[in-house]
Amino acid sequence: MSVRFHGLSAFPLTPADEEGVVDVEALSRLIDRAGAAQVDSIGLLGSTGSYVYFSREQRRRAVEAAAECLKGSRPLLVGVGTLRTNDAVLLAKDAEAAGANALLLAPVSYAPLTQEEVYHHFAAVAGATSLPLCIYNNPSTTHFTFTDELLVRLAYIPHILAVKMPLAANMEFKPELERLRPRLGDNFSIGYSGDWGCADAVLQGADAWYSVIGGLLPVPSLRLLRAAQAGDSAEVQRISAYFEPLWALFKEFGSFRVVYAAANLLSLTHRQPPLPVMPLSVSDCARVEEALAKLAELDGLPNATP
């Protein structure tokens, strides 16, 4: 399947029991939901998908379940980040064998990494399979920041075709895109994560929104994304107002905890975040419920909540 790294890439939770065994039924429910909405791709085992908390066996179990659900209907992008390069290579090979269409790689490390070390790590993983690979630039969790020079070097490696960027400072995406595009090439995809800023990123020329909320509420997320792709800033502003209570909670508690609470409220799973991450309190879950109710008011979206 051709992977263009564009549009809405929906990143669902990976529900699992207390022992870290993937709940295939709950995961399939989330995958089916996003697929039925016709998102542009599914992002499995990203940060929202708890990739660092799973064994190699359980990661493959999740990929197999997602591939079985999709049956080739949507591109499946799979995170393969882990501490050791040789283990990341094995995870990449597992993902390819299990039905992934593309890879997502973050430079996970305990010891701070140099730019040169990350270059060789990515080169090894990119060369391990025939799948296209997206760079996961997520300094808030990895504590590593890609320089422009490193991104340029990586863009010359076969199969490395995209980057998932953090939100630009002051939401000024256009200058960043104008700086990077001539150096990375016209066919190299530049997308963003950080849900509350991604519609603005697409309005300013980004190729993709790598979306936490898209993995749970794909219908309203797609509506926001399509308005941004159409360059309709007024419609983006109007729809974004319905998301604002949710974005506020994302910023306060982190999207990971909030999406687990929302998935429970929507009866899509009863699973909780992997310990030591704690679920939200009852009072904070009530705030999540209010945010979902606000989003459900968005006209023409009967499927915003069940």
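This report describes the nonpolar core, cysteines, one loop residue and aromatic rings of a predicted model.

## Basis of the model

Local features require pLDDT of at least 70 and side-chain atom pairs count only at pLDDT 80 or more, while totals for chains, interfaces and linings use all residues. Residues are numbered from 1 along each chain as its sequence is written, and side-chain values use heavy atoms, with hydrogens and water left out.

## Nonpolar core

The largest nonpolar core (buried Ala, Val, Leu, Ile, Met, Phe, Trp, Tyr and Cys residues joined through side-chain atoms within 4.5 Å) holds 114 residues, of which Leu 44 and Leu 216 touch the most other members. Helix α10 (residues 233-253) supplies the largest share of this core, nine residues. Helices (H or I, at least four residues) and strands (E, at least two) are DSSP runs numbered from the N terminus.

Apart from residues up to four places away in sequence, the contacts of Leu 44 include Leu 27, Ile 31, Ala 62, Val 63 and Leu 76. Contact here means heavy atoms within 4.5 Å.

## Cysteines

The whole structure contains zero disulfides, a disulfide being a pair of cysteine sulfur atoms within 2.5 Å. For Cys 198, the nearest cysteine sulfur belongs to Cys 134 and is 12 Å away.

Burial is graded by relative accessible area: buried is under 20%, exposed over 50%, and partly exposed in between (1.4 Å probe, protein chains only). Cys 198 has 0% relative accessibility and therefore counts as buried, whereas Cys 69, at 23%, is partly exposed.

## Thr 82

Thr 82 lies in the loop between β3 (76-79) and α3 (85-98). Its relative accessibility is 17%, so Thr 82 counts as buried. Beyond residues up to four places away in sequence, Thr 82 touches Arg 59, Asp 87, Ala 88, Leu 91, Val 108 and His 121.

## Aromatic rings

Rings of Phe, Tyr and Trp (its six-membered ring) pair if their centres lie within 6.5 Å; planes under 30 degrees apart are stacked, over 60 edge-to-face, and the rest tilted. The count is seven aromatic pairs. Phe 144 and Phe 146 have ring centres 5.1 Å apart and planes at 90°, so this pair is edge-to-face. Both residues, Phe 144 and Phe 146, are buried, and ring pairs link them with Phe 122 into a cluster.

Phe 173 and Tyr 192 also form an edge-to-face pair, with centres 4.8 Å apart and planes at 75°. This pair links distant parts of the chain, 19 residues apart: Phe 173 is in helix α7 (residues 173-184) and Tyr 192 in strand β7 (residues 189-192). Phe 173 and Tyr 192 are both buried.
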